[in-house]
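Open the model in your viewer and keep the selection box handy. We will go from stop to stop, and at each one you will hear what to select and what is there.

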Amino acid sequence: MTRARRRLLVAGVVQGVGFRPFVYTTAAELALSGSVSNDSAGVIIEVEGAPADLDEFARRVREQPPPLAVVESVRENDIAVRGGTGFHIGDTSRTGGGRTLASPDVAMCADCARELQDPGNRRYRHPFINCTNCGPRFTIIASLPYDRDRTSMADFVMCERCAAEYADPTDRRFHAQPIACPDCGPTLMFVARSSSAAVPETVSRTVPAPDPGGVPAPGSGAARARHRGPVDHTLPGSSPSGAAALRQARELLRAGGILAVKGIGGYHLACDAADETAVAELRRRKRRGDKPFAVMVPDLATARSIVEVDDSSAALLSGPQRPIVLLARKDRALAASVAPRNPDLGVMIAYTPLHVLLFGCAGDDPGPRVLVMTSGNLGGEPICYDDADARTRLAELADGWLSHDRRILVPCDDSVVRMVDGTELPIRRSRGYAPLPVALPFAVPPTLAVGGDLKNTCAVADGRYAWLSQHIGDMDDLDTLRAFDDAERHLEELTGVRPEHLAADAHPLYRSTAWARQRAGNRPVRTVQHHHAHIAAVMGEHGLGESATVVGFAFDGTGFGPDGAVWGGEVLLTGYKGFRRLAHLAYVPLAGGDVSVQRPYRMALAHLWAAGIEWSADIPAVAACPPRERRVLAHQFATGLGCVPTSSMGRLFDAVSALAGVRHIADYEAQAAIELEGLARVVDSAVSPDISGYRFGIDRAADPIAIDPAPVLAAVVADAVASVDPGLIGARFHRAVAHLVLELAIICAGESRTVALSGGVFQNALLLSQSRALLEENGFHVLSHRRLPPNDGGLAFGQILAASAG
């Protein structure tokens with residue numbers, strides 16, 4: 001028989017995802033000999049046998065990899081036949097060069113879930129059960145290659161039974177780096193608020209410092225001396241199995257307390273979502289205003305009982321990423337304070353074994369049926385993930401801590417997604433998705449993009465891939481800036497990208513842009529206009545080529561324009577290299593900056609003033625504005641004192657919400673628009689015959705085209721004064737904006753038949769759905785976000801493309 005031998009180098013997310021056992025099993029099925037090992041460049045395979053079997057082997061590697069693997073490329077070449085009949089799995093080599101991609105954190109798989117509930121399994125009720133197909137990845141990795149000694153699991157020495165599973169290629173836990181069991185794994189503990197802040201431990205937990213390359217140093221003899229088999233890990237109020245800690249945690253939740261829970265990427269604050277007093281108290285302690293809380297449920301059946309769940313949202317809720325999914329509320333039994341006046345509820349299904357156990361197993365006194373599960377922090381701060389920091393920063397927020405001693409090396413908030421017409425629309429891309437790469441439509445040099453100041457993510461790119469960081473937050477305090485430093489440094493470490501160029505927003509006062517300039521050294525920093533980056537991001541997400549152009553609608557709250565105005569209602573002829581402004585919402589005065597964002601009635605008065613509509617006291621927004629403030633605003637608008645012109649579509653949504661009497665003061669970003677959308681959706685779904693009727697003015701003679709909202713505003717005011725239902729006003733307004741998008745696309749059709757929709761306003765499911773449907777019905781090719789957020793969380797990706805083009 002003719003034999004051949006081939007060498008395959010597989011690059012991508014191929015470490016820590018069961019790739020080597022897959023290769024071993026595939027080779028065995030095809031009677032091939034050889035070896036497989038990890039390398040800093042990926043997975044190296046040498047395989048020998050009949051040529052037809054080698055072809056089949058290569059096909060399976062490319063087309064049928066393990067579920068969590070992402071095969072970026074397979075380089076294959078013939079090598080000399082060596083003979084032999086066995087196939088073995090080798091250790092990791094670190095030869096340098098190449099790039100291995102880190103896996104995101106993965107929700108507990110079905111096999112581990114069954115073992116968790118099986119009294120006959122040695123990992124029964126083990127809070128840290130995992131295997132090659134699930135568990136923490138990104139948040140425990142210090143550096144690559146992904147081996148145990150480069151993760152926080154280096155603190156725990158495997159017992160004999162775990163070591164045997166780890167070494168067995170036929171076992172589901174073969175080379176599962178977080179492998180552990182009750183005898184050798186992390187310890188669960190409960191500490192009540194009244195306990196001493198300095199919690200004594202019976203086992204030393206000295207945290208080894210990383211070496212200059214970011215690799216933890218717990219491989220020393222002293223560190224590895226820890227956890228040799230079943231030792232006493234107990235803390236006050238805990239037990240080796242964690243049963244006592246979990247029981248105390250559930251008791252606290254049932255009693256209406258607030259629990260700090262250490263998850264995969266940081267601490268959550270949890271309470272009973274049906275207990276109005278507990279939820280209101282959590283809201284007060286977090287200083288959260290009316291901003292909605294997310295909730296966690298134990299299973300899909302419970303999710304279906306509180307929100308509307310269709311097949312596509314069920315798949316998303318139950319998938320390996322387990323994001324928070326925004327879905328229409330159904331159960332009003334939950335506390336009103338969970339999501340005040342919001343039509344949607346952010347729901348996630350328990351994704352770690354600890355979360356599942358917190359709800360209770362058979363025989364337990366159960367915890368609450370639905371838990372509020374919100375980030376462990378004060379509003380605006382980064383999430384707590386360090387244990388000592390959590391005991392300090394959450395001291396006034398939590399009544400107890402359910403914690404453990406597995407270190408979190410990388411903080412990572414929950415991802416947030418909403419479904420629009422059965423399609424995913426990311427709102428926050430973080431846990432479960434970061435740091436998976438996003439393909440670029442053309443090759444770029446090693447580049448770092450620092451994003452914007454709101455909903456910040458940074459990104460690095462090299463060649464045909466970009467890696468976006470986890471959600472970092474709003475760059476408005478020192479802690480977030482430190483978190484940005486850490487995230488950027490870790491992203492470089494994981495990807496091996498050493499940026500030669502930096503990209504930043506063109507806003508001269510953005511903290512992210514200042515960070516880039518301060519750390520650039522001799523590297524060039526290219527600034528990218530905010531809305532250009534938005535449209536470039538959605539173009540790149542859909543793989544448009546370097547020479548492509550689109551008619552881009554960039555609708556958001558704020559972005560620095562080249563003319564010094566605050567842009568946000570823009571129609572741009574956009575390519576990666578640049579843009580031309582085709583049309584924009586007419587400027588109105590923004591008085592006092594953020595003050596007018598927080599008080600939508602001020603934006604309503606600004607739009608009325610610009611439209612020449614009298615400030616009649618029977619208009620809800622006018623009545624909401626105190627008389628003295630009204631006089632000050634009138635002077636500012638007349639003189640321009642303290643005002644900057646804005647074309648923001650987001651501010652127009654705020655204004656209409658206030659004019660309709662829906663929301664006059666906002667406790668969180670876009671609250672006025674969100675509540676208006678919620679009311680409008682109810683009316684729109686009823687297919688009211690009166691839903692149309694508002695229409696924008698369009699001045700085609702102007703260059704760029706001017707969009708005049710005055711006719712819409714006059715109609716809104718007339719309806720509001722006539723006590724028309726605010727939901728109908730909102731439905732008519734949404735329909736008017738969608739028809740505006742279509743009309744402008746038709747006017748600009750000579751420039752391009754491809755239309756791109758981006759910016760935070762297109763998080764609005766009703767507007768996005770209506771706009772996309774109208775455009776497609778009229779023959780336009782529509783690009784909208786499916787993998788990246790339309791808000792500023794996707795800016796860094798667009799900055800990379802715009803800064804690198806040409």
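Which residues of α21 are buried? Before you check, keep in mind that this is a predicted model.

**Stop 1: helix α21**

Select residues 710–721, which make up helix α21. The buried residues here are A710, V712, L713, V716, V717, D719 and A720. The helix has twelve residues, and from its first C-alpha to its last it reaches 16 Å, close to the 16 Å expected at 1.5 Å a residue.

Now show what surrounds the helix. The cover over the buried residues of α21 includes three helices with lower numbers, α16 (600–611), α17 (620–624) and α19 (649–659). Strand β26 (705–708) and helix α22 (726–747) are also among the elements that cover them. Then step just past the end of α21 to S723, where phi is positive, at about 60°.

**Stop 2: A745 in helix α22**

Stay with α22 and pick A745, which is found in this helix. Is A745 buried or exposed? A745 is buried, because its relative accessible area is 0%, and the cut-off for buried is under 20%. Leaving aside neighbours within four places in sequence, A745 is in contact with F553, V755, L775 and F780. For a sense of distance, add C643 to your selection: this residue and A745 are 102 residues apart along the chain, and their C-alpha atoms are separated by 31 Å.

**Stop 3: helix α20**

Next, select residues 671–685 to bring up helix α20. This helix has 15 residues and reaches 21 Å from first C-alpha to last, close to the 21 Å expected at 1.5 Å a residue. Colour its buried residues: Q671, A672, A673, E675, L676, E677, G678, A680, V683 and D684. Charged side chains are in that list too, with E675, E677 and D684 among the buried residues.

What covers them? The covering elements include strand β14 (416–420) and the helices α16, α19, α22 and α23 (765–777). You have already met α16, α19 and α22, which are also among the elements covering the buried residues of α21.

**Stop 4: N456**

Move to N456, in the loop between β16 (437–449) and β17 (459–468). Although N456 sits in a loop, this residue counts as buried because its relative accessibility is 0%. Zoom in on the side chain, and you will find that it reaches the backbone oxygen of G452 at 2.7 Å. Beyond neighbours within four places in sequence, the contacts of N456 include V450 and G451, the run Q470, H471, I472 and G473, and also M475, F484 and S512.

**Stop 5: E115 in helix α3**

Select E115, placed in helix α3 (residues 110–116). With a relative accessibility of 13%, E115 counts as buried. Setting aside neighbours within four places in sequence, E115 is in contact with N121, R123, Y124, I129, R172 and R173.

**Stop 6: the largest cavity**

If your viewer can display cavities, turn them on. How many cavities of 30 Å³ or more does the structure hold? There are six. The largest cavity has about 150 Å³ of space, and 19 residues line it. To find its centre, select P127, I264, T352, P353 and R406, the lining residues closest to that point. By type, the lining divides into twelve nonpolar, five polar and two charged residues.

**Stop 7: two cis peptide bonds**

Go to the pair A434 and P435, where the peptide bond is cis with omega near 5°. P435 lies in the loop between β15 (423–428) and β16. Then jump to D703 and P704, also joined by a cis peptide bond, with omega about 0°. P704 is in the loop between β25 (697–699) and β26.

**Stop 8: two positive phi angles**

Finish with A31, in the loop between α1 (19–29) and β2 (33–39), and D421, in the loop between β14 and β15. Phi of A31 is near 55°, a positive value in a residue other than glycine, and phi of D421 is likewise near 55°. Are these residues buried or exposed? A31 is exposed, with a relative accessible area of 64%, and D421 counts as exposed at 54%.

Definitions and conventions. Residues are numbered from 1 along each chain as its sequence is written. This is a predicted model: local features need pLDDT of at least 70, side-chain atom pairs count only at pLDDT 80 or more; totals for chains, interfaces and linings use all residues. Side-chain values use heavy atoms; hydrogens and water are left out. Helices (H or I, at least four residues) and strands (E, at least two) are DSSP runs, numbered from the N terminus. Buried means under 20% relative accessible area, exposed over 50%, partly exposed in between (1.4 Å probe, protein chains only). A polar contact is a pair of N or O atoms within 3.5 Å; within protein, one must be able to donate a hydrogen and the other to accept it, and residues adjacent in sequence count only if both atoms are side-chain atoms. Contact means heavy atoms within 4.5 Å. On a 1 Å grid over the protein atoms alone, a cavity is a set of points where a 1.4 Å probe fits but cannot get out, and a pocket is an open set with protein on both sides within 12 Å along at least five of seven lines; lining residues have an atom within 4 Å of a point. Grid points are joined across faces, edges and corners, and a volume is the space filled by probe spheres set on the points. The expected span of a helix is 1.5 Å times one less than its number of residues.
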